[in-house]
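This briefing addresses helix packing, selected residues and a ligand environment. Please consult the sequence and the structure while reading the points below.

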Amino acid sequence: MSTLLDIRDLTVRIDLADGPVFPVRGVSLALGPGETLGLVGESGCGKTLTCLSVMGLFGRRVAIDDGEIGFQGARLDPASRADRSRRARGMGMIFQNPMTGLNPVRTLGWQVAEAYQIRTGSKRRAANARAVELLDLVGIPEPRRRARDFPHQISGGQQQRAMIAMAIAGAPSLLVADEPTTALDVTVQAQILDLLSRLQREIGMGMLFVTHDLGLVAEVADRVAVMYAGRVVELASAADLFARPRHPYTRGLLDSLPFLDDDVERLSPILGTVPSLRAMPAGCAFAPRCPHASTTCGRVAPELTSLEGGAVACHHPLAVRTEAA
Ligand SMILES: Nc1ncnc2c1ncn2[C@@H]1O[C@H](COP(=O)(O)OP(=O)(O)OP(=O)(O)O)[C@@H](O)[C@H]1O
Ligand SMILES: [Mg+2]
């Protein structure tokens, strides 16, 4: 598999008034053309910052502290203008909050057309026509009329769809989708997911798909990376991850879901809370909540290590559960 996106040892630093924190710590992920990599984990574990690192979109105070990002075989230099336009042409992002992705003082049609022009180099007139088609494609009613609206004139669900239209305009090679369908009702969600998988088939678009929804990730992802407190703790094919999670955190996430086992009589939430950025444990960040933690876990952070087709960062990976267990 050739690599479309190659994130190596990514560490993100935020400079706060009382010193730096590191919400993403040594994340490595790779994604091939046409592949969907799911990224899951509790709120605050660093999913969005990982996405923003890929896109090269940081505000003040936030920066890549270490590591590198490769795109289509070449390393991206955050300071390079040429690389910024390489990203703009080849990558699209669906933001978790639609208003982050939309410009409040431009019409929807203008914004979608702009994204289309940047990726395809087409003329404005053709881009405007395509923008209306794209708004239609993502399920915005009366797209010709809506194209003249500003973001504040449409509903939150429509904003999300307009942003999806922008993200896929001109068919980027990589789509970074940060909770792309959370604001949408289920029927629209299904339409959007269909649309995305069609684009994947047609143009081989790779997708980094962030979601809280493990049910959704099981449906859309080929492989899944589970993050905890800024690190990838498990990486596996979607089928393997759900059938035989190897990290106690992954197991905990699955056990806290109601739908996976018909015969499960109770749900077991993961006890405790995620450590704060200021108080990361020296060893495994999950150790304070882990039923299997040993003294080693408290002292030494486990490396992500290959294990039977996947990878797990755990000193005591779970044994595969047999049918009888
Ligand atoms: N600009 C910022 N300033 C300060 N802290 C930040 C900033 N951006 C992110 N953080 C912190 O970094 C951590 C990781 O944030 P991130 O947004 O990547 O989490 P996430 O996994 O996307 O969570 P969610 O599921 O809630 O979207 C969190 O603790 C968050 O509060
Ligand atoms: Mg997020």
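**Helix packing and local environments**

Helix α4 passes helix α7 in a right-handed crossing. The model under discussion is predicted. The points below treat the two contacts of α4 with α7 and with α5, followed by the shell around ligand 1 and individual residues.

**Contact of α4 with α7**

- The axes of α4 and α7 come within 7 Å of each other and cross at roughly 25 degrees.
- That angle makes α4 roughly parallel to α7, because angles under 35 degrees count as roughly parallel.
- On the α4 side the contact is made by L108, Q111, V112 and A115, and on the α7 side by A162, A165 and M166.
- By residue class, this contact of α4 with α7 comprises six nonpolar residues, one polar residue and no charged residue.

**Contact of α4 with α5**

- Helix α4 spans residues 108-120 and helix α5 spans residues 124-137; the two pack at an angle of about 115 degrees, with their axes 8 Å apart.
- α4 and α5 are therefore roughly perpendicular to each other.
- The crossing of α4 past α5 is right-handed.
- From α4, the residues L108, G109, V112, A113, Y116 and Q117 make the contact, while α5 supplies R124, A127, N128, R130, A131, V132, L134 and L135.
- The residues of the contact of α4 with α5 divide into nine nonpolar, three polar and two charged.

**Shell around ligand 1**

- There are 13 residues around ligand 1, of which P23, S43, K47, T48 and L49 come nearest.
- Helix α1, residues 47-55, gives the most to this shell, with three residues.
- The shell around ligand 1 consists of six nonpolar, six polar and one charged residue.

**The loop between α7 and β7**

- S173 is found in the loop between α7 (156-168) and β7 (174-178), and A171 is placed in the loop between α7 and β7 as well.
- S173 has 19 other C-beta atoms within 10 Å and is therefore partly exposed, given that a residue is buried if 20 or more lie within that distance.
- S173 touches L4, P33, Q72, G90, M205 and G206, leaving aside residues up to four places away in sequence.
- S173 and M205 are separated by 32 residues in sequence, yet their C-alpha atoms are 4.6 Å apart in space.
- A171 has a positive phi of about 55 degrees although it is not a glycine.
- With 16 other C-beta atoms within 10 Å, A171 is partly exposed.

**Q72, a contact of S173**

- Q72, one of the residues that S173 touches, lies in the loop between β4 (62-71) and β5 (74-75).
- The phi of Q72 is near 50 degrees, a positive value in a residue other than glycine.
- Q72 counts as partly exposed, with 17 C-beta neighbours inside 10 Å.

**V312 in strand β12**

- V312 is placed in strand β12, which covers residues 310-312.
- V312 has 27 other C-beta atoms within 10 Å and is therefore buried.
- Not counting residues up to four places away in sequence, V312 touches E234, R246, H247, T305, L307 and P317.
- V312 and V274 are 38 residues apart along the chain, and their C-alpha atoms are separated by 19 Å.

Notes: Residues are numbered from 1 along each chain as its sequence is written. Chains are lettered from A and ligands numbered from 1 in the order in which they are written. This is a predicted model: local features need pLDDT of at least 70, side-chain atom pairs count only at pLDDT 80 or more; totals for chains, interfaces and linings use all residues. Axes are lines fitted to C-alpha atoms, for helices over the stretch in contact, and angles run from 0 to 180 degrees between N-to-C directions. Helices (H or I, at least four residues) and strands (E, at least two) are DSSP runs, numbered from the N terminus. Angles under 35 degrees count as roughly parallel, over 145 as roughly antiparallel, 65 to 115 as roughly perpendicular and the rest as oblique. A crossing is left-handed if the near helix is turned anticlockwise from the far one by less than a right angle, and right-handed if clockwise. Two residues are in contact if their C-beta atoms, placed from the backbone, lie within 7 Å. Ala, Val, Leu, Ile, Met, Phe, Trp, Tyr, Cys and Pro count as nonpolar, Asp, Glu, Lys and Arg as charged, and the others, Gly among them, as polar. A residue is buried if 20 or more other C-beta atoms lie within 10 Å of its own, exposed if 12 or fewer, and partly exposed in between; C-beta atoms are placed from the backbone. A residue is near a molecule or strand if its C-beta atom, placed from the backbone, lies within 6 Å of it.
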